[in-house]
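Student: I would like to learn how to read a helix, a strand and a cavity from a model. Could we go through them one by one?

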Amino acid sequence: QRPSEPDPEPDARPVNMIQSVLDALWYRTVMNNRGWPTLARALVLAHTGMRPSQVKRLDPDLDIRPYLDGDVPFVQVSAGKGGKSYLMPLTSDGKAAFLLFLRVGAVGEFSTQAFYKSWVLACDQANVTRFNPYKLRHSFATRMRRAGADLADVQALLGHKSPKTTARYADVSVDKLVTAVQRMERGWNEACGPSGAAPSKASGGRFTERQIG
């Protein structure tokens, strides 16, 4: 019997590595004045974590333009695989990516193979170890987790039906755990009042390290 394959591990790339590749792609596009749709698609993938198939299905008049000009810009994403469409809030870089996406006519079908070739060429020009652009999705999920989003939030933004699928993308960060513990401590101290802790009736008051020692 064939053994089951292990679940894929989160495989994010650092922000500076991703930005170096985007900069290389931008430089080549500007210098040659060609490849603008590819650049726009790369920026959208990097700043939204969308699948290439979701980018291909975007309708500019239904999914993008109606949501860009609000106080918080959004884009409507098709979940695919029978899922419902959902609204994804955008960062300022994400909004700029979609404005370029519309301006250069990047809407519609495109060759993922040709996109991959352009991406790995940009990796070479940036002196970055080649990586599949699908890792941008892993990286987006991991950045969201490290920024404080819980698994349910990341699941909603990625359009997953199961949190188990999301867990494969969203790596757990020690920094995020530290932040969570610090927030919990602040909440405890605020609930206890000005003293910072509620006296224990059993102990007769709050212990300090000196008293315990």
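The dialogue below takes up these features in turn, and the model it discusses is a predicted one.

Student: Which residues of helix 1 are buried?

Tutor: The general idea is that an α-helix has 3.6 residues a turn, so residues three or four places apart point the same way. In helix 1, the buried residues are Ile18, Val21, Leu22, Ala24, Leu25, Arg28 and Thr29. Seen down the axis of helix 1, these buried residues fall within an arc of 155°, so they line one face of the helix. The face turned away from that buried side carries Asn16, Tyr27 and Met31, which are exposed.

Student: What span should the 18 residues of helix 1 have?

Tutor: At 1.5 Å a residue, helix 1 (residues 15-32) should span 26 Å, and this agrees with its end C-alpha atoms, which are 26 Å apart.

Student: Along strand 1, which side chains are buried?

Tutor: In a regular strand the side chains alternate between the two faces of the sheet. Strand 1 (residues 74-77) has Val75 and Val77 buried and pointing to one face, whereas Phe74 and Gln76 point to the other and are not buried. Strand 1 runs antiparallel to strand 2 (residues 86-89), and four bridges join the two; Phe74 has Pro89 as its bridge partner in strand 2.

Student: Which residues line the largest cavity?

Tutor: Rolling a probe the size of a water molecule over the atoms shows where empty space is left. Here a search of the whole structure finds one cavity of 30 Å³ or more, and the largest cavity holds about 40 Å³ of space. Its lining consists of Leu45, Met50, Pro52, Pro133, Tyr134, Leu136 and Arg137, which divide into six nonpolar, no polar and one charged.

How values were computed: Residues numbered from 1 in each chain as written. Predicted model: local features only at pLDDT ≥ 70, side-chain atom pairs only at ≥ 80, totals over all residues. Heavy atoms only, no water. 1 Å grid on protein atoms, 1.4 Å probe; cavity = no way out; pocket = protein on both sides within 12 Å on 5 of 7 lines; lining within 4 Å. Points joined across faces, edges and corners; volume = space filled by probe spheres on them. Nonpolar A, V, L, I, M, F, W, Y, C, P; charged D, E, K, R; others polar. Buried < 20%, exposed > 50% of the residue type's maximum accessible area, 1.4 Å probe, protein only. Pairing = 2+ DSSP bridges. Expected span 1.5 Å × (residues − 1). Arc of directions from axis to C-beta.
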